[in-house]
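Dear colleague, below are my notes on the model that you sent round, set out as numbered points. Please read them with the sequence and the coordinates open beside you.

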Amino acid sequence: MKFFVDTADLNEIKDLAATGMVDGVTTNPSLAAKSGKKFVDLIAEICAVVPGPVSAEVTALDHATMMKEAAVLKKIAKNVTIKVPLTPDGLKTCKALSSEGTMVNVTLCFSANQALLAAKAGAAFISPFVGRLDDIGYDGLELIADICQIYNNYEFKTEVLVASIRHPVHVLQAAKLGAHVGTMPPSTLRALFNHPLTDKGLKAFMDDWAKTGQSII
Ligand code: G3P
C-alpha cells in the first residue's frame, strides 16, 4: 500500500518524506488556501521534495477552463497529477487528459457507481472520502470494499486512493481490503509508527544495555 500525505504544509512534507514513507502528496483547494502560498509555487515546492505523484486540483467547474488550468499545472513538474471533481465536466476532463497520458485523480467520490465512471474515464486514481461518509452515518470502508471488488471484476487499472482518512484504523481496514493508496494527514501517518509496547520494550532494552557500560562504536 502506498502512503500519500494529505497536506500543503511543506515543513510537514519534508519531515515525513525523510522517514521514507511518503510515496506521494495530495492537496485540495482548502489545504492550499491554508498554506497562504501562491498555488503554482506551492505545487512546485512540493514536487521538488517528493518524486511521487503530487495532486494539484483544478478550481474551474467547466471542462474548457479545467483543461486550461490543467495545462498550467502540468507544466510545473513531471509528477503533477491533475485532480478533478467527480462531475460530468470533471470526468470529461479526466478522459481528455488521461488519453494524452496525463495522470488524473478524480476526487469527491462518495459512491461505487461514481468510482465506476471515473475508471471508465481512465483515471489514474479514484479518491473515495471515507471520513466524510462516516461523519454522516454511512460506512466509508464499505465503499472501499465495493470499489475494490468492482475494479477487480473488470481489471481496471485505476488505483483506489482512500481519502479523508482520519485515524490509523481507517489505514488498517483500507490495507486489509487491498486499496492501493491511502492519503492521510501528517498526524495519522505519524501515529502509524507508535505502539506503547514498542516504547516500553525499548526502554527496558536501553536500561539493561546501560548497565553493561559498553558502547558499540
Ligand atoms: O484531500 C481530500 C480529503 O482527504 C479531505 O479529507 O478530512 O477534509 O475530509 P477531510
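1. Helices and strands are taken here as DSSP runs, numbered from the N terminus, with H or I over at least four residues for a helix and E over at least two for a strand. With elements assigned in that way, Ser164 falls in the loop between β7 (159–162) and α9 (168–176). The model is a predicted one, in which local features need pLDDT of at least 70 and side-chain atom pairs count only at pLDDT 80 or more, whereas totals for chains, interfaces and linings use all residues. Residues are numbered from 1 along each chain as its sequence is written, and side-chain values use heavy atoms, with hydrogens and water left out.

2. On the chain as a whole, the assignment gives 11 helices and 8 strands, and the C-alpha trace spans about 70 × 40 × 30 Å along its principal axes. Of the 217 residues in the chain, 44% are buried, where buried means under 20% relative accessible area, exposed means over 50%, and partly exposed lies in between (1.4 Å probe, protein chains only). Contact is used for heavy atoms within 4.5 Å; among contacts between residues at least 6 apart in sequence, 56% join residues at least 24 apart. The chain exposes about 11400 Å², of which carbon and sulfur atoms supply 58%; accessible areas come from the Shrake-Rupley method with a 1.4 Å probe, and for residues only the protein chains shown count as cover.

3. Which residues surround the ligand? They are Asp6, Asn28, Lys83, Phe129, Arg132, Ala163, Ser164 and Arg166, a residue being near a molecule or strand if one of its heavy atoms lies within 4 Å of it. A polar contact is a pair of N or O atoms within 3.5 Å; within protein, one must be able to donate a hydrogen and the other to accept it, and residues adjacent in sequence count only if both atoms are side-chain atoms. An oxygen atom of the ligand is 2.6 Å from an N or O atom in the side chain of Asp6, an oxygen atom of the ligand is 2.6 Å from such an atom in the side chain of Arg132, and for the side chain of Arg166 the distance from a ligand oxygen is 2.9 Å. The protein covers 81% of the 310 Å² of accessible area that the ligand has on its own.

4. Returning to Ser164, this residue is one of those around the ligand, and it counts as buried because its relative accessibility is 10%. Its phi is near 60°, a positive value in a residue other than glycine. A positive phi, of about 65°, also occurs at Leu108, which is not a glycine either. Leu108 lies in strand β5 (residues 104–109) and, at 35% relative accessibility, is therefore classed as partly exposed.

5. Two threonines deserve to be read together. Thr7 sits in the loop between β1 (2–6) and α1 (10–17), and Thr27 in the loop between β2 (24–26) and α2 (29–35). Thr7 is buried at 8% relative accessibility, and Thr27 is buried with a relative accessible area of 0%. The side chain of Thr7 reaches the backbone nitrogen of Asp9 at 3.0 Å, while that of Thr27 reaches the backbone oxygen of Ser55 at 2.7 Å. Leaving aside neighbours within four places in sequence, Thr7 is in contact with residues including Thr27, Ile46 and Pro186; on the same basis Thr27 touches, among others, Thr7, Phe39, Ile46 and Lys83.

6. Finally, two helical positions are worth a look. Val40, in helix α3 (residues 39–49), counts as partly exposed because its relative accessibility is 31%, and, apart from neighbours within four places in sequence, Val40 is in contact with Val72 and Ile76. Ala96, in helix α5 (residues 88–99), is likewise partly exposed, at 24%, and touches His63 and Met67 when residues up to four places away in sequence are not counted. The C-alpha atoms of Ala96 and Gly122, 26 residues apart along the chain, are separated by 9.0 Å, whereas those of Val40 and Ala124, 84 residues apart, are separated by 22 Å.
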